[in-house]
Amino acid sequence: MKYILYYLIFPGFLFSSIVGLLACWVDRKVTARLQWRVGPPWHQNFTDLVKLLGKEVIVPESAKLTFLLSPYLGLISVVLVCTGLGRIIILPLDSFGVDLIVFFYLLTVPAIALIIGASASRNPLASVGASREAKLILAYELPFILAIIVVVIKSRGAIQIGQIIQYQMIFGSNLFSISGFLSFIAAIFCIQAKLGTGLFDIAEADQEIMCGTLIEYSGLPLAIFKLTKALMLYIVPLFIIVLFLGRDLSPVFLTAKYLMLLVIIILFKNTNPRLRIDQALRFFWRIPTLLAGAAVVLAICGL
Amino acid sequence: MDIRKKALTKSIWVFHVSAGSCNNCDIEIFDCFTPRFDVERLGIQLAGSVRHADALLITGVINKKTIPIVKKIYEQAPKPCMVIACGICANSQHMFRFGYNVEKPLDKILPVDVYIPGCPPKPEAIISGIVKLIDKLKKGK
């Protein structure tokens, strides 16, 4: 019963969707200010969601049941990550039964839900988007895993996030060492690909393949995908902060660190054009993988 | 007023249908998203896919080739979906009304909600058209 409350209300669904939608607003507002525009009001993303709930849901002819189910798959897993990570940030030593590897897998599920939904919609552009999303997962997972392994090595093999936070409380944040810094840079590129922003907005390219994976979605399922994206924008930077900057996780510092990382992502998004999928693959398997690999070696050497 | 309808007035996603226009209207539409006019502060975005659209912004003179396409796009859009005729060609066929391939104006094909005249309409005129559309939605279509 208590866990259901956690899941639905406080660190879980309600709280994190409000924060995520506000983060989306920060994204849009900062983008607008960078382009010397005014930008939308703070409630814009909430309005968009409510509007989408009132629209007709169109299911393409001969689409499978998975077309309507896959949005929920993504949402459920992201909310699970939000709940677990939220609990751990509040009480680092309260073992909630979830560790790094579970989070890592659950954060991949939204992308997989997107692939399933897009493939079920039977639209050629959606299938292009789905294949790009799959290739993008292949590209960014390798450096992301390496970057996380650095954190695990540095905290002497702990994979409970509570223990990692505790280690950083005692010995200082992982970022302020050579290996931590290198893997942090690799992780920043990986989370941009995970969020699908800017450089790596390849699967959902608005102008090129008409929203790609989301092309056939309308109404409620589209709203759920947008909400999942908002939750990812909230939880993925938070995950990186917990791993790399986990020394002081009091609300003020946490908010400041989160906003800093968010603005870094937004600046990257606004100053770089979209890559092609082969460029993205080549990029990820070269620079971030090399950086993270070097960081692993350095971490084993104790730097 | 219904909260969903109220939300609709504050976040209109526009799908831009260029049904045989000379590209002038299209340039002026993109001007609306530039810093000087910035319609995103009214919650208006260009949608990539017609399934996400709340309004179809149709430019150009509708000819024999584009009539079935425009009809098909309107059927693909989720309802409620508004139709905006942008530019004098879409409104009344302009100087192409005697053309060999031009059959009938847009409002004989689709239920048009707002007419934006001009060749091409200024961004101010497009914003005024949007305001008219929002007023119409508020009164209850």
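**Two chains: a sheet in B, helices in A**

User: What does the sheet in chain B look like, and in what order do the strands sit?

Analyst: In this predicted model, chain B has an open sheet of 5 strands, ordered β2-β1-β3-β4-β5, with parallel pairing.

User: Which strands are at the edges?

Analyst: β2 (45-46) and β5 (114-116) of chain B are the edge strands, and each pairs on one side only.

User: How many bridges join β4 to β5(B)?

Analyst: Strand β4 of chain B, residues 82-86, is joined to β5(B) by 3 bridges, and the two run parallel. Within β5(B), B:Tyr115 is the bridge partner of B:Ala85.

User: What holds paired strands together in general?

Analyst: Strands of a sheet pair through backbone hydrogen bonds, in a parallel or antiparallel way.

User: Which strands does helix α2 of chain B lie across?

Analyst: Helix α2 (residues 24-31) of chain B lies across β1 (13-18), β3 (55-59) and β4 of that chain. Relative to β3(B), helix α2 of chain B runs at about 140 degrees.

User: Switching to chain A. How many helices and strands there?

Analyst: Chain A has 12 helices and 0 strands. Its radius of gyration is 19 Å, close to the 19 Å from the globule rule for 303 residues, so chain A is as compact as a globular protein of that length.

User: What box do its C-alpha atoms fill?

Analyst: Along the principal axes, the box for the C-alpha atoms of chain A is roughly 55 × 45 × 40 Å.

User: And how much of chain A is buried?

Analyst: Buried residues are 49% of the 303 in chain A. Of the contacts in chain A with a separation of 6 or more, 80% come from residues 24 or more positions apart.

Methods: Residues numbered from 1 in each chain as written. Chains lettered and ligands numbered in written order. Predicted model: local features only at pLDDT ≥ 70, side-chain atom pairs only at ≥ 80, totals over all residues. Helix = DSSP H or I, 4+ residues; strand = E, 2+ residues; numbered from the N terminus. Rg over C-alpha atoms; globule rule 2.2 N^0.38 Å. Buried ≥ 20, exposed ≤ 12 C-beta atoms within 10 Å, placed from the backbone. Contact = placed C-beta atoms within 7 Å. Pairing = 2+ DSSP bridges. Axes fitted to C-alpha atoms, helices over the stretch in contact; angles between N-to-C directions.
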